Amino acid sequence: MLRAGNAVACMACKNLLPSRMGVRFRLPLQKLHPLSRAIHHRYSSNNNPQRPPHCSSARHFTSLSRLPMRPPKSRSGGHGYQQQRSFWVARLAARLLKLRYILLGSAVGGGYTAKKTYDEWKDMMPDLSEYTWIVPDFVWELSENIDLDKLASALPDVEEIAKLLPDMEKIGENFTFLKSLLSSGVGSEVIGASGLRLLLETSGDPTLKAPEIQPTTAAGPESGDKQFKKSSDKEKVDQLQEELLRTQLKYQRMLERLEKENKELRKVVLQKDDKGIHQRKIKKSLIDLYSEVLDILSDYDSNYNTQDHLPRVVVVGDQSAGKTSVLEMIAQARIFPRGSGEMMTRSPVKVTLSEGPHHVAMFKDSTREFDLGKEDDLAALRREIELRMRKSVKEGQTVSPETISLSVKGPGIQRMVLVDLPGVISTVTAGMASDTKETIFSISKAYMQNPNAIILCIQDGSVDAERSIVTDLVSQMDPQGKRTIFVLTKVDLAEKNLASPSRIQQIIEGKLFPMKALGYFAVVTGKGSSSESIDSIKDYEEDFFQSSRLLREGMLKAHQVTTKNLSLAVSDCFWKMVRESVEQQADAFKASRFNLETEWKNNYPRLRELDRNELYEKAKNEILDEVIGLSQVTPKHWESILQKKLWDRVSTHVIENIYLPAAQTMNSGTFNTTVDIKLKQWTDKQLPHKALEVAWETLQEEFARFMAEYKGKDQDDIFDKLKEAVKDESIKRHKWNERAMDSLRVIQHNALEDSSITDKPQWDAAIQFMEETLKSRLQDTESVIADMVGPDWKQRWLSWTNRTAEQHIRNETKNELERLLKLHEDHTAYLANDEVTTVRKNLEARGVEVDPVLIKDTWHQLYRRHFLQKALFHCNLCRRGFYYYQRHFVDSELECNDVVLFWRIQRMLGITANTLRQQLTNTEVRRLEKNVKEVLEDFGEDNEKKVQLITGRRVQLAEDLKKVREIQEKLEAFIEALHKEK
């Protein structure tokens, strides 16, 4: 049927459109309307053999061309005409029937084409069912949590909104009148309305300021009627300008009200989501991810020229210019300490602003949240910031480059990262360090030299612009002004104090300073009282600009005023800079990571990449294992080393102060009495303290021995400094239990009081102990005497050495004193004065000048040797004296009281060693282990200590690798989230 319809259509075209119609055009079939293609026909020579040859080219005609129909020309011959006239009714009916098929065919063809196009579009659409997870759950359940009907009823009606709208008809009439007035060439009387002319001529620029109109003068003399008309026109212009300003303020208030309602609604939604209704994992916001990257970069010390070029907003300005106040207005809370003319910002403060359900603040290294809606929390936050600033300042300095990181969240807060820097000063005052000015300049330049940092230049509008220092500094760092935003503060005081308000206009237009900027803003940050709230400052700022002639007379543009507009502009500029630079920074850290990994593979191919914290944990476990090893020491080993060390410590006292004085007595009773008295005094005053010292030293030595033995088992020498520091600090903190000294004194006193040797093995052990002690002391004494007198004749001949003059004198003195001892073998331990004089005179007779002190000193060593030799001989005699001892030496000239003394000392040493061993294993080793754990915990929390004790290129390389990987991962996560937000 469609084919038949097309054939009919072709005949209809042939009949309806004569061959000589004067319209020809060539058009491809694909560009015709679908309905035109359905009825398209092309003539050819085969269908019309009577057609002239030159008309055989393709000509396209459609029934939609609306071409003018020419009346057919009358043909020659009356018969043909009569026959045509006779059948015009039939031809008309046939044509009508043909049109029916044309319409039917067109409808069918068009419908089929439309359906096919729809199916193609439908197939091209992506399947969005897999991406429903992108939309948060609370959006689908929004109707369940929020009463939308109630919200809709709370919105203003159309009639109420219409009441707020101005009378557009009246304004239109005034616009028409004003436009005709301006186009007719009004003179200087309407210069104030130039902003309105700009508004009329350029739609899309809602500003109230335009280039000045040059005044024109009248061509001829003006009459009084024209002057009156001009004055009335000027009044109308002023009225119209005021009406426009009022209309703008109405719209502004309406937008603020709607924005406030929107903020409340967003707060409700965020609170609903924050309470965990849906129990899903809350992801970090975009600005939080970015802030984490900046925090890591602030601690990263790069050795590969990978500088931190990520954007942040750097707030710079002269001291007391209002930097902190501007930042507080953006953060919507008075969070910083303040002082009248005093430097309060002593270190950079990084503030991360983000949106959240509650208005809170939190430090990076703390979990405490400060509720900014409560005055107590605000005061505590200000105190904490001031305390952190003062702690960061080193002694002798005024400012510090250390950054304090703070995050502020709240409803309606613009997302960005700002850094508040110390105010630039021109003069160092009393109480400041001499290099304070240079330090502030260096800190400011360090932040501003970042090519992607946005510089928020704060200028005090209440003082002369020529006194500003910061503008020159900003011009040096950003001469083209491509990333600088200029802010003029205290505009209310400036308008009040300046005689020429046009000076403010010159500043905002960038004509007064050589500094260039992206934008210029004028703000008011309060009346100067620290007790003002943010809301009251906002109200004051809005009231001021509503009544200010700066805005009314077109000196300032509406979008250049208020901290709200400033916050929006800074946030937009910040995110634009972030999107332009973050991927380039990620690529730079990727290259740095490759360099570090290559260096590690070449230098440490068989070692794991352990950073400083991981190495510290490994060393911590090794040290704790070594301390635990002390508990595995056998009791026999403890007692052996304790007894030996204790006797080495007290042997000199026993020989010199107890045994030697007692041996000078004439009988055994006096000997035993002297020994008992001396032992009692020694036990009460010195012995327990000496024993505890020996025990503590033994514990230290065993601890060090275990650490040294463990070191031999493939230990990493990178831990040597750390282990030594832990050992020293643990020993320094350890204190022996004082009650142990009292109990030890009682035990030692009881042990020394017992003088009853019960069996022969004990007697033999005492003899052996005495003999070993005497031989050791005799050997030491012989060595001392040899050093005093110098080499003998054999050594002088064999070693070619000679005696010194002092050794010669001592040798002569020794010979004289030995003759004295041979004459008096039972001589006492001390020389009498007359004996010293006799010896000295005998030596002088031989030409040897000697001092009496030298004589006594030499005598002391000689008599000790003499006494030890006699005691050793007596010890050998007492080897078989146990039988006589049991009979109390009755009917015997042999007395072995000195053997009993040494037995008492030996028994005391054994009991003391056993007591100390029990205290060591049961108490002190555990206390030492506890001290070591405390020291390790303290060192683990002190980063500076770890850096000091775990050092080396390997550690630094691992640290850099960890930081670079972390930065790259954070940047990639941030870039992914940034792309999703787009």
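Here is a quick tour of the fold, the charge pairs and the aromatic contacts in this chain. Keep in mind that this is a predicted model. The protein chain has 982 residues, and 41% of them count as buried. Its secondary structure runs to 36 helices and 11 strands.

**Overall picture**

- If you look at contacts between residues at least 6 apart in sequence, 79% of them join residues at least 24 apart.
- The chain's accessible surface is about 57000 Å², and carbon and sulfur atoms account for 51% of that.

**A helix tucked inside**

- Helix H13 covers residues 323–331, and 9 of its 9 residues are buried, so the rest of the structure largely encloses it.
- The buried set includes two residues with charged names to look out for, Lys-323 and Glu-328, along with Val-326, Leu-327, Met-329 and Ile-330.
- Just past the end of H13, Gln-332 has a positive phi of about 65°.

**Salt bridges**

- The count of salt bridges comes to 48.
- One of them pairs Glu-693 with Arg-649, with the closest N and O atoms 3.3 Å apart. Here distant parts of the chain are linked: Glu-693 belongs to helix H25 (residues 687–711) and Arg-649 to helix H23 (residues 635–663), 44 residues apart. Both ends have some access to the surface: Glu-693 is partly exposed at 28% relative accessibility, and Arg-649 is partly exposed at 30%.
- Another joins Arg-733 to Asp-938, where the closest N and O atoms are 2.9 Å apart. Arg-733 sits in helix H26 (residues 720–733) and Asp-938 in helix H34 (residues 897–941), so this bridge ties together parts that are 205 residues apart in sequence. Arg-733 is partly exposed at 31% relative accessibility, and Asp-938 is partly exposed at 33%.
- For a local example, try Lys-980 and Glu-976, whose side chains meet in a salt bridge at 3.8 Å, N to O. The two residues lie in helix H36 (residues 953–981), 4 residues apart, or about one turn of the helix. An α-helix has 3.6 residues a turn, so residues three or four places apart point the same way. Lys-980 is exposed, at 55% relative accessible area, while Glu-976 counts as partly exposed at 46%.
- There is also a salt-bridge network, made up of Arg-593, Glu-597, Glu-609 and Arg-965.

**Aromatic pairs**

- The structure contains 14 aromatic pairs.
- Phe-574 and Trp-575 make one of these, an edge-to-face pair with 5.2 Å between centres and 75° between the planes. Phe-574 is buried at 0% relative accessibility, and Trp-575 is buried too, at 5%.
- Phe-769 and Phe-902 are another pair: their ring centres are 6.0 Å apart and their planes stand at 70°, so they count as edge-to-face. This one links distant parts of the chain, with Phe-769 in helix H28 (residues 760–789) and Phe-902 in helix H34, 133 residues apart. Both Phe-769 and Phe-902 are buried.
- Ring pairs also connect Phe-769 and Phe-902 with Trp-647, Tyr-659 and Phe-867 in a cluster.

**Charges over rings**

- Arg-388 lies over the face of Phe-363, 4.0 Å from the ring centre.
- Lys-946 lies over the face of Tyr-616, 5.7 Å from the ring centre.

Technical notes. Residues numbered from 1 in each chain as written. Predicted model: local features only at pLDDT ≥ 70, side-chain atom pairs only at ≥ 80, totals over all residues. Heavy atoms only, no water. Buried < 20%, exposed > 50% of the residue type's maximum accessible area, 1.4 Å probe, protein only. Contact = heavy atoms within 4.5 Å. Areas by Shrake-Rupley, 256 points an atom, 1.4 Å probe, with all protein chains shown as cover. Salt bridge = Lys/Arg side-chain N within 4 Å of Asp/Glu carboxyl O. Phe/Tyr/Trp six-rings, centres within 6.5 Å; stacked < 30°, edge-to-face > 60°. Lys NZ or Arg CZ within 6 Å of the ring centre and 35° of its normal.
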